[in-house]
Amino acid sequence: MSESVVRVVELSSPFARFAGRLLVGLGHEVVLVEPPGGDATRHELDGDAFAHWHAGKRSVTLDTGTPEGAAELRRLLEGADALLDGSTEGAEPVAAGLDHLVHVRVTPFGLVGPRSYWQGTDLVVAALGGMLAQVGDPDGPPLRLPENQAEQLAGVNAAIAVLLGLRARRNGPGRRHGPGQLIDVSAQACVAAALEAGALAYLHEDRVPPRPGRVHPLVPHGLFRAKDGHLGGGLGGSPRMWDALLAWLREEGAEADLAEPRWQDPVERKKHQEHVFKVVQDFVGAWPKAEFAERAQARKLPWAAVDLPHELPDNPQLTARGFFTQVRTEQGDRTDLGFPFAFPEGRRVTALTVPGPGADQALLDEPRATRPVDGDSPGLPALDGVRVLDLTWVLAGPYCTKVLADHGADVIKVESVRRPDPTRFAPFMHLSRGDHTDPNTNGYFNEVNRNKRSIALDTRTEEGVAVLRELIASCDVLVENFSATVMTGLGLGYEALREINPGLVYVSMSGMGHTGPRSGWVSYADTVSASGGLTGLTGWGPDDVVGVIYGHGDIVAGLQAALATVAALEHRAETGRGQHVDLSQLEAIAAHMGTSLLTSARSPMGNAHPRWSPQGVYRCLGADRWLAVSVRSDEEWTALCHAIGQPELAEDARLLTADGRRRESTLVDGVLGDWARSLPADAAAELLQERGIPAGAVQDGRELVEHDPQLRARGFYVRREHPAAGAFLHEGVPVRLTGTPGGIRRPAPLLGADTDEVLSEWAGIPAERLGRLREAGVLQ
């Protein structure tokens, strides 16, 4: 490849491999360093794991534990731009002195803190990060999200970290080429920063919500049974949606008592949601899932059929947009899940080759020059100086711009009482100890909009759109998560945007994307998860689907949009060209479904693992206290038997292999469950971790904030004073750049607090014109 292409060397792990895959999708050269026996995924799922995670990468084999192997790795790194390091020990000794190198360490718990040495798996990190406490029935055990979602959150954050490191390197003094740096990515922190309201309810209302089962804890949405499966959806988030659903119920004679005036009050509907949902369920249950979804969407109602991964290639929207990619293996081509967005400039990755072990060994002998370091780091955040115009609302879009703001971008949130953001104004989404009608005190809004400035601008007026165009002319990035036609309706489709600002990076984040037969579909996080395959695999079995009820899909879309934004800024720096990244939230979540399409996964597995045994969640001492345990090998099984005082089980012929332990799961889970039941979850986890066995307590929002020693040691929760809500803790930044750190510099803005300052600074609007605009109601 050309020396202008970014080269990333990958020392892989379950928490790093998705980052490497995403970087392949961005067009970077990713060199996978495999041990002499090949990467572990070559031997998993009949090779499907390797095909999914590592297709498109180049492969070299090295025994990095020998002096010769370490020296060869050093030579490879001398010509690399970044090192994606998921290794247990870390490659700091080998990389020492390579000042140009962006070195991203991806570990379960981070590089510092009392638990930095702890063993972590997807289940254990999901438990200790707060994800497990958010899924499952309130009176049952916590439930893992399928396809290693904790690992994949770490992966997308690590990919963002690589690009931030490259961006910071470009931003040396006088725009000279500055040094690389070490970047610390904690998978636990990535999960703890991605819980929607999981910890916010405790931070802002002193409460810990129970696991929600099949109903969203804030938004009136849930999982409903259809005639032939399940549907995700609900009452929507606006009066129009309630009125449209009620009209449909009345047309079909299924409204029961919901036509009574009392149900027009959203607070009343929330108070008696169980009754309302029963009436809706009685109606929904008579329909086939696909037909109901089509008819609901024709009425602009947010419903979607719950599809399984093997059904995704039949989704007309994914197919029309060219989402899928072919992986070329020795056995032939296979259809696999594609990438979360087309890049650069709309390019789709249509095919990837699965490399053989050491297929690119010649790279070790090919010298490759890198740009010399010719300046020191200014120490400013990686996105310092980047101007972002934020037209987003609710969660997916604001989460994207939060990431950008955390790393130094000047993010201007455009708001108006005429276009109210539910996270500011809707009572059912309000989190605070005070009046739930004050738009400035909602902890939900104030979490995802910290580090931003706010202007009040009514874009439903001609003058408001004119001001918006002036702001667009002076920004680097525009991000919005409207439905597909809103910007065109404002006269601001991409062609118009490009005329205003040819270098603009425009990231749209509609649910389905701007093209395709379902581009007009209305979507929420739960409906996107339903369409993308995630909901259908979340549960205990084919007849016991629980689904993903909180905003995981929104957060995934937000992270992928942040990745797209930084990638597009880097592309502009190289080519001088802006671009439109047409991100579909459906494609973003489908890209997080791992190997599920290659393996044709068709049924939820609960907390079990396809290869390891035992893996599960076990009740401990105390109310709703649970322990997550993963046993990855026969050696760990032996250590577990000794730890729980049952050494004889290590010699039991029935239990010598994972397959045997799986067959005897009643015995194994019973013994482990009896042991755990008598112990505090933290004490049990510590006993197992001392013996190298991955284990961790299932932590809810209170335990994360008050008791987790690792997050505390890393300073994860950060106190800032808000002008209306007072002082409170914010969730921290999971990606730690040691040379150009991000952080929480300021609390979320009051509505319109920065209007005059921004319009003067960005658009050069004089005070007299500001006064006229305010008198005309444009700035409200």
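In this predicted model, Q579 has a relative accessibility of 1% and therefore counts as buried, the cut-off for that class being under 20% relative accessible area. The residue belongs to strand 20, which spans residues 579–582. Apart from its neighbours within four places in sequence, Q579 is in contact with F343, P344 and E345, with Y494, with L504, V505 and Y506, and with A568 and H571.

Several of these contact partners have backbone features of their own. The peptide bond that leads from F343 to P344 is cis, with omega near -10°, and P344 is located in the loop between strand 11 (332–336) and strand 12 (351–353). E345, which is likewise placed in the loop between strand 11 and strand 12, has a positive phi of about 55° although it is not a glycine. With a relative accessible area of 39%, E345 is partly exposed, whereas Q579, with which E345 is in contact, is buried at 1%.

Backbone features of these kinds are also found in the loop between helix 22 (585–590) and strand 21 (615–619), where P614 lies. A cis peptide bond joins S613 and P614, with omega at about 0°. S600, also in the loop between helix 22 and strand 21, adopts a positive phi of about 55° without being a glycine, and its relative accessible area of 34% makes S600 partly exposed.

Two helix pairs that involve helix 21 were examined. Two packed helices are described by the angle between their axes and the distance between the axes. For helix 14 (residues 396–406) and helix 21 (residues 552–575), the angle is about 45° and the axes are 7 Å apart; the two helices are therefore oblique to each other. The crossing in which helix 14 passes helix 21 is right-handed. On the side of helix 14, the contact involves A396, Y399, C400, V403 and L404, which meet D554, I555, A557, G558, L559, A561, A562, T565 and V566 in helix 21. The residues of this contact between helix 14 and helix 21 comprise 11 nonpolar, 2 polar and 1 charged.

For helix 6 and helix 21, the packing angle is about 25° and the axes lie 10 Å apart, which makes helix 6 roughly parallel to helix 21. The crossing of helix 6 and helix 21 is left-handed. Helix 6 contributes Q149, L153, V156, N157, A159, I160, L163, L164, L166, R167 and R170 to the contact, and helix 21 contributes H552, V556, L559, Q560, A562, L563, V566, A567, L569, E570, A573 and E574. Divided by class, the contact of helix 6 with helix 21 has 15 nonpolar, 4 polar and 4 charged residues. L559, A562 and V566 of helix 21 are listed both in the contact with helix 14 and in the contact with helix 6.

The nonpolar interior was also analysed. The largest nonpolar core holds 199 residues, among which V104 and L627 touch the most other members. Helix 6, which runs over residues 149–170, supplies the largest share of this core, with 13 residues. A second core, separate from the largest one, consists of 28 residues and includes V467, L471, L497 and L759.

How values were computed. Residues numbered from 1 in each chain as written. Predicted model: local features only at pLDDT ≥ 70, side-chain atom pairs only at ≥ 80, totals over all residues. Heavy atoms only, no water. Core = buried A, V, L, I, M, F, W, Y, C linked by side-chain atoms within 4.5 Å. Buried < 20%, exposed > 50% of the residue type's maximum accessible area, 1.4 Å probe, protein only. Helix = DSSP H or I, 4+ residues; strand = E, 2+ residues; numbered from the N terminus. Axes fitted to C-alpha atoms, helices over the stretch in contact; angles between N-to-C directions. Parallel < 35°, antiparallel > 145°, perpendicular 65-115°, else oblique. Left-handed = near helix turned anticlockwise from the far one by under 90°. Contact = heavy atoms within 4.5 Å. Nonpolar A, V, L, I, M, F, W, Y, C, P; charged D, E, K, R; others polar.
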